[in-house]
Structure formats: structure tokens, C-alpha cells
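Colleague: I'd like to learn how to read a structure like this one. Could you walk me through it?

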Amino acid sequence: AVVSTQTTRAATAMKSKLDQDARLYRIGKSKIFFRAGVLANLESERDEKLRVLIIGLQAMARGKLAVENYKKLIQQHKAIQVLQRNGKCYLKLRNWQWWRLFTKVKPLLQVTSRDKEIHEREEELRKVQDQYTKEKQTLEEIEVSLKKVSEERAVLQEQIFREKEMAAEADDQRMRLATKKAELEEYIHDLEERIDGEEEKTMKIVAEKKKMEGSLAELETALADEGNLRQKLSIEKTTLENKLKGIEETLSTREESISKLSRDKKQLEDRLKDTSTALEEEEDKGKS
């Protein structure tokens, strides 16, 4: 609505500038309605205005071209005057004796200036040669430095490559030690379980031994009290003694086995400790 109002106001202002009768047109919301012949009259007036503007533009262009052509003609006229004046001066000086002398002496003056110029050029060439020598020497020094830097770079690259190989080898060794440590810990755990089992069995055997010793003591007491059963008890005693001897031998064997397992456990713990120490050293080397 605001745009439509502004457009209507603009159209009304334009029509007021044309000085036309308000009865010849009507302004709507989006269009202007003219009576018959009014639009053709407006187009003819527009064409007339455009013709006047184009004629004025052409006149300005022609005027500018004419001014530039006039300036060019003036410059040409001045140049012709200068050429004519110089030609007249040359005709006057051509047969003048001093001018002839000057034309003969001038080349000799040029020879002196030429020697001076040659000397200056030689001095300049010498300076250039000195500068070239210095730059060549500097370039040689730079090449030597570059070669030295390249050698140092190659040495550093070789050192870096070796350190990388050592680091990779250390990582592999650390992994192997960690694996070996895990295996040893598992084996020690198995040995501890076996030792616990053997100790439990030994305790059972000791308890059975004590029980048999108690039975043997009872049998000896009964043997002392009952003479009639002495022979039978003696046989039972012998049997029990044999069983007790077997149990003692079994207990001795178990104790030897437990002692051996304890020694193996201690050795494995020492190896595990050494492995852990080596692993820590490798980790410290890897960190450094």
C-alpha cells in the first residue's frame, strides 16, 4: 500500500510538469489511463526532446573535435616556423669561417672526451671485475658451506634413521619382555597354586600321621594291658608302622617337592625381577 501511494504521487508530480488538462488522463493504482490521441502526442513530444538532446550532443562532439584539430594546426604552424627559422640560421652560418673552424675542431674535442670515456669505462670494468671476483669468492664459500651443510644433513639423517631403528628394536624388546613377564607371572601363579595344593596335601598327611601315631599309642597301651592280644596287636602294630613309614616317606617326598617348587619359585621371582628391571630401563630409554 505504501509503494502504491508513492508511485501514485510520483505519477501525479510528473503529469503536473507536463501542463496537460486533468480531464485527458486518470491515474489508477498501477496504471495511467489516457484519452484517445493523448499518448501519441506524448510520444511525439518525447521524440522532439530526444532530437534536441541528440543535436546538442552532436554539436558538443563536433566542437570538441574542431578545437582539437585547431590546436593541432597551431602546433604544426609553430613547428614550421621553428624549422624555417633554423633553416635560415643554418644558411647564414654555413659559410661563416668560425663555424667552419668549429666543425673541424669539434671532432678533436670528441676524441679527448672519448679517451676520458674509455678511461671511465675501463675503471668501471675494473670495478665490475673486482665485484665479480668478490661475488665469485662469496659464491664458492656459499657452495662450500652448502656442501658442509648437506654432509651434516646426511649424517643427521643417518643418525635419525639409526635412532628410529634402535627405538623400534627397543619397542620390540620391551614387548618381548612384557610378554615374557606375563608368562612368568602366570607360571609363578601356577606354581603357587601347586605349592598350596601340596601344602594342603602335606597337612592332611601330617594329620593322618598324628592320627595313626595316636592309634599306635593306643594299640601299644592295649598291648601292654592285654597280653592275650599281644600277637595280634603286634601284627597290627607292624602294619601301622609300615603304613607310618610309607606316610613318612610320602611326606618326605612331598617336602622335597615343596622345597624344589619353592626354589623354582624363587628363581622365577628373581628372573621376573630382572625382567621388570630390564623393561623399566627400556621404557626409560624410550621416553628419553
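Modeller: Sure, starting with a term: helices (H or I, at least four residues) and strands (E, at least two) are DSSP runs, numbered from the N terminus. Keep in mind that this is a predicted model, where local features need pLDDT of at least 70, side-chain atom pairs count only at pLDDT 80 or more, and totals for chains, interfaces and linings use all residues. Residues are numbered from 1 along each chain as its sequence is written, and side-chain values use heavy atoms, with hydrogens and water left out.

Colleague: Which element gives the most to the nonpolar patch?

Modeller: Patches are made of residues with over 30% relative accessible area and no salt bridge; like charges are joined within 9 Å, and nonpolar side chains (Val, Leu, Ile, Met, Phe, Trp, Tyr) within 5 Å. Areas come from the Shrake-Rupley method with a 1.4 Å probe, and for residues only the protein chains shown count as cover. Here the patch consists of Y90, L91, L93, W96, W98, W99, L101, F102 and V105, with about 920 Å² of accessible area together. Two or more residues come from each of α2 (38-93) and α3, and α3 gives the most, with five.

Colleague: Is W98 buried or exposed?

Modeller: Buried means under 20% relative accessible area, exposed over 50%, and partly exposed in between (1.4 Å probe, protein chains only). W98, which is found in helix α3, counts as exposed because its relative accessibility is 58%.

Colleague: What makes up the largest nonpolar core?

Modeller: In soluble globular proteins, nonpolar side chains tend to be buried together. A nonpolar core is a set of buried Ala, Val, Leu, Ile, Met, Phe, Trp, Tyr and Cys residues joined through side-chain atoms within 4.5 Å. In this model the largest one has seven residues: L184, I188, L191, I195, L261, L268 and L272. Both α3 (97-225) and α4 (230-287) supply at least two of them, with α3 giving the most, four.

Colleague: And how many salt bridges are there?

Modeller: Side chains of opposite charge can pair when their charged atoms come close. The rule for a salt bridge is a side-chain nitrogen of Lys or Arg within 4 Å of a carboxyl oxygen of Asp or Glu, and the count comes to six. One of them joins D130 and R126, at 3.3 Å from N to O; these two sit four residues apart in helix α3, about one turn. Another pairs R162 with E158, with closest N and O atoms 3.5 Å apart. Shared partners also link E123, R126 and D130 into one network.
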